[in-house]
Amino acid sequence: MATVGRTWCHFAKRLQLTSANPQTIIKRWSNTVPNHVLEKQRESPLSSGQLKAEQVDESINAPKDFTSLYPEFLPERSPKANKDSLRDALERKDMLNRRRHIHLPEFHVGSILAVTAADHFAPNKTNRFVGICIERSGHGMRHTFTLRNVIDDQGIEISYHLYNPTIQKIEVLKLEKRTDEHLRYLRNAPHEYSRVPFDMKATLVARGQAVPVNNIVVPLNPRPWLERWERQNLKGAEFTLKPFTAKQQKKFDASQAPLKWEKYDLMKKYRTTVNKKERDSINREMYQSKTMED
């Protein structure tokens, strides 16, 4: 206690001696950064000021919406993620630079792909896997896609990072869309809906033609399932359920009740959507890079 008391008395005495000049107190007792350090940071190419100076030309009109074809360029928007414009801008630069070295074609959930990646343990140091894309997730450099195939009556899934430098080639064997955002329910479906031959020949789509939509409805195996598919409003899955009892129906209605007010949550809509101005700016940046397919 005596030591603490002497320390505070010493601090009060020093404060009393310099009380006539408040700037002296701020300079002496606050954490200040030298001016030359601040100027060095402002001149850095990684500073937010320099990134804003490199704005794209707003007079250029992109021929089509590249952000819908390559959704990984859109910044992450979720209630649990904070906006980080600096990180998003740096990641877009890295992704466009990666596309200058490798051709990353357009594909969607439901397309059949063949991915060739470097594999140190493979006989020829490369590994080629063919499968149907069942899911795309993540944003920016963290964007991933999952391929599924059935080999020897065993479901095999491989998840790739789209901008992983070990990927050497991505081939689109069949370009198409499905009516659902994901096809994870194929894990609980018969194997014939996931089986793709490794020697499959590519089916080309005419340039400028719309991507075909596959409206196939997949019947699911009887329960138990890996997820509650009946709660996900799936259009491409068919299943039969036993009718709910009164107690089960009441429990289900209670689980859906909190979702009714979400359409009135304006802040959640702001945090989970990308406004049109930002989307147009990203679209022009992608078009100016000359790495996108027109």
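In what follows, helices and strands are DSSP runs, a helix having at least four residues and a strand at least two, and they are numbered from the N terminus. With that naming in hand, the segment after α9 (276-288) is the place where Lys290 lies, and this can serve as a starting point for a walk through what is a predicted model. The phi angle of Lys290 is near 60°, which is a positive value in a residue other than glycine. Lys290 counts as exposed because its relative accessibility is 77%, and exposed is the word used for values over 50%.

From there we may turn to the strands, beginning with β1. Strand β1, made of residues 112-118, runs antiparallel to β2 and is joined to it by seven bridges. Within this pair, Thr116 has Arg128 of β2 standing opposite. Strand β2 in turn is joined to β3 by five bridges, and these two strands also run antiparallel. Two pairs of residues help to follow the alignment of β2 with β3: Cys133 stands opposite Leu147 in β3, and Ser137 stands opposite Thr144 in β3. The two strands β2 and β3 form a hairpin that has six residues between them, and in its turn Gly138 has a positive phi of about 85°.

Strand β3 goes on to pair with β4 as well. Eight bridges join β3, residues 144-151, to β4, residues 154-161, and the two run antiparallel. Here Phe145 stands opposite Tyr160 in β4, while Thr146 stands opposite Ser159 in β4. Is β3 mostly covered or mostly uncovered? Seven of its eight residues are buried, and the strand is therefore described as mostly covered, buried meaning a relative accessible area under 20%.

The link from β3 to β4 deserves a separate look. These strands form a hairpin with two residues between them, and Asp152 is in the turn. The phi of Asp152 is near 55°, once again a positive value in a residue other than glycine. Asp152 counts as exposed, since its relative accessibility is 74%.

Next come the charged side chains that meet in pairs. The count of salt bridges comes to 17, and a few of them show how such contacts can be placed. Glu76 forms a salt bridge with Arg142, and the closest N and O atoms of the two are 3.5 Å apart. Because Glu76 lies in the loop between α5 (66-69) and α6 (85-99), whereas Arg142 lies in the loop between β2 (126-137) and β3, the pair ties together parts that are 66 residues apart in sequence. Glu76 is partly exposed, with a relative accessible area of 27%, and Arg142 is likewise counted as partly exposed, at 34% relative accessibility.

Another such contact brings together the side chains of Glu157 and Arg187, which meet in a salt bridge at 2.8 Å from N to O. Glu157 lies in strand β4 and Arg187 in the loop between β6 (177-178) and β7 (213-214), so this pair ties together parts that are 30 residues apart in sequence. Glu157 counts as partly exposed at 29% relative accessibility, and Arg187 is partly exposed too, with a relative accessible area of 30%.

Are the partners in the salt bridge between Glu176 and Arg178 buried or exposed? Both Glu176 and Arg178 are buried, and the closest N and O atoms of this salt bridge are 3.9 Å apart. There is also a network, in which salt bridges that share partners join Glu76, Arg87, Asp88, Glu91 and Arg142.

The walk ends with Arg223, a residue that takes part in two features. Its place is in the loop between β8 (218-219) and β9 (237-238), and Pro224 has its place in the loop between β8 and β9 too. The peptide bond from Arg223 to Pro224 is cis, with omega near 15°. Arg223 also belongs to a positive surface patch, which is formed by Arg223, Arg231, Lys247 and Lys251. Residues in such a patch must have over 30% relative accessible area and no salt bridge, and Arg223, which counts as partly exposed, has a relative accessibility of 44%.

Technical notes: Residues numbered from 1 in each chain as written. Predicted model: local features only at pLDDT ≥ 70, side-chain atom pairs only at ≥ 80, totals over all residues. Heavy atoms only, no water. Patch = residues over 30% accessible without salt bridge, like charges linked within 9 Å, V, L, I, M, F, W, Y side chains within 5 Å. Areas by Shrake-Rupley, 256 points an atom, 1.4 Å probe, with all protein chains shown as cover. Salt bridge = Lys/Arg side-chain N within 4 Å of Asp/Glu carboxyl O. Lys, Arg positive; Asp, Glu negative; His and termini not counted. Charge placed at Lys NZ, Arg CZ, Asp CG, Glu CD. Buried < 20%, exposed > 50% of the residue type's maximum accessible area, 1.4 Å probe, protein only. Pairing = 2+ DSSP bridges.
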